[in-house]
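Walk through the structure below, beginning with the chain taken whole and moving on to single residues.

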Amino acid sequence: MPELDQPVEPIRPIPKGYRDLLVEFHNKNTPERLPKGELLSFNLGEHTIHLTAYNPAPIVIDGQLHMWARVEERADEKNSAVILFKQGEDGTWTPVEGAPVFKGLQDPFYCGRIDGDHVFGGVQIYEVAGSSYLGYRTVFYRYKNSYTELIDPHGDTVAPFAIGPEKMKDIRLIQLEPGRIGVFTRPQGPGSQFGGRGQIGYVEIASLGELQSALTRFDQQKDPRTLIRGLFVDSASGEEEWGGANQLCLLPDGKIGVLGHIAGFNGDGKKDYYPITFIFDPKDKSVSHVKIIATAAQFPAVEAKKGDLGSILFSGGLVRSDEGYSWLYVGIGDSKGGRIRIQDPFVE
């Protein structure tokens, strides 16, 4: 079957900036009514004092909630790893014995079942010759039944089945129906180049076997018609914002509920990150119901990893219930993990 990634000319609404979304959030939620978030406690053994775990991605395994999380030194990120955790009776999250440890990986995510496989991934980092900055790209792994399939006979993690373009985070997949997979991308380019500081794109493919070629072609063609409009203001408006998709939910009407993040620079020149949700219609590439769903102020104060970070709340994943609420798992200040119980953002 040919790939289904023909772009649809998008509807082009005027996007609201994150400051406007923040005003709307506070207008709808008085401080007294806002739920309070909690920090997650991770047991990293003798290394707990030197390491931090954050940006958790929840996943249910055999009926029990687990999470993949980013683990690294408190003052550095060159030796990042992604580890699988489960919660003990005392509420502390402990590494799962026998689970794979993905060295050189950050910001894990779980896409659910696609083409019958569980799809998991993260941001792979690597040193770049002649540069003090790390290179990065999104990588994808798949397994049929158990995460133990991600360990090869030598005890190492298996190779990814697909690798995204250089400097592209936040690629996410969702099974829309048999033979149809939605692919959310996040191109970025310096200045006014394709993607700017980071936009969200969308294409469709027919199978996981087509993912690699579709991502390569997307990066080469840089077709502006693949970009989703109506999410982030650009530098031409006097602001500079960026963002990406973190988790996707297929809704009963065929639309896609997107958990993402929106980011920009505050008045002090520091970076702010906020979790957002919106509803995306793959038929006409329109977006609606764009809103901020939580802020770092709802959590206990934490010390940010770097001095250039302001209010940082990074979307890790949603665990939705049938009772009209969701648990939102987040990274706070690039140094702690947390969760907060909110109204389900995809239920009116």
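Start with the charges: the protein carries 37 positive and 46 negative ones, and the mean positions of these two sets lie 3 Å apart. The model behind this and every other value here is predicted.

The fold is made of two helices and 20 strands. The radius of gyration is 19 Å, close to the 20 Å given by the globule rule for 348 residues, so the protein is as compact as a globular protein of that length. Taken along the principal axes, the box filled by the C-alpha atoms has dimensions of roughly 55 × 50 × 50 Å. Of the 348 residues, 51% count as buried. The accessible surface comes to about 16400 Å², and carbon and sulfur atoms account for 49% of that area. As for how the chain folds back on itself, consider the contacts between residues at least 6 apart in sequence: 56% of them join residues at least 24 apart.

Three buried residues can now be taken in turn. N246 belongs to strand β14, which covers residues 241–250. With a relative accessibility of 3%, below the 20% limit, N246 counts as buried. What does N246 touch, leaving out residues up to four places away in sequence? Its contacts are F109, D170, R172, L259, G260, H261, F314 and S315.

V287 sits in strand β17, residues 286–292. Its relative accessibility is 15%, and because the limit for buried is under 20%, V287 also counts as buried. Beyond its neighbours within four places in sequence, V287 is in contact with I228, R229, G230 and L231, and also with F278, I279 and F280. One of these partners, G230, is 57 residues away from V287 in sequence, while the two C-alpha atoms are 6.8 Å apart in space.

D344 is found in the segment after β20, the strand that spans 336–343. Is D344 buried or exposed? At 4% relative accessibility it counts as buried. The side chain of D344 makes a polar contact of 2.9 Å with the side chain of R320. It also reaches a backbone atom, the nitrogen of F346, at 2.8 Å. When residues up to four places away in sequence are set aside, D344 touches R320, S321, G324, Y325 and S326. R320 thus appears both among the residues that D344 touches and as its side-chain polar partner. A separation on another scale is that between D344 and H154: they are 190 residues apart along the chain, and 43 Å lies between their C-alpha atoms.

The remaining residues are in loops. D62 lies in the loop that links β2 (51–61) to β3 (64–73). Its relative accessible area is 80%, and since exposed means over 50%, D62 is exposed. The backbone of D62 has a phi near 50°, a positive value in a residue other than glycine.

K222 is in the loop between α2 (211–221) and β14, the strand that holds N246. Phi of K222 is also positive, about 50°, although the residue is not a glycine. How does K222 stand in terms of accessibility? Its value is 40%, which lies between the limits of 20% and 50%, so K222 counts as partly exposed.

S131 occupies the loop between β8 (117–127) and β9 (134–143). This serine is partly exposed, having a relative accessible area of 36%. Which backbone atom does the side chain of S131 reach? The atom is the nitrogen of Y133, at 3.0 Å. S131 and E46 are 85 residues apart along the chain, and their C-alpha atoms are separated by 33 Å.

Key: Residues are numbered from 1 along each chain as its sequence is written. This is a predicted model: local features need pLDDT of at least 70, side-chain atom pairs count only at pLDDT 80 or more; totals for chains, interfaces and linings use all residues. Side-chain values use heavy atoms; hydrogens and water are left out. Helices (H or I, at least four residues) and strands (E, at least two) are DSSP runs, numbered from the N terminus. The radius of gyration is taken over C-alpha atoms; the globule rule is 2.2 Å times the number of residues to the power 0.38. Buried means under 20% relative accessible area, exposed over 50%, partly exposed in between (1.4 Å probe, protein chains only). Contact means heavy atoms within 4.5 Å. Accessible areas come from the Shrake-Rupley method with a 1.4 Å probe; for residues, only the protein chains shown count as cover. Lys and Arg count as positive and Asp and Glu as negative; His and the chain ends are not counted. The place of a charge is taken as NZ of Lys, CZ of Arg, CG of Asp or CD of Glu. A polar contact is a pair of N or O atoms within 3.5 Å; within protein, one must be able to donate a hydrogen and the other to accept it, and residues adjacent in sequence count only if both atoms are side-chain atoms.
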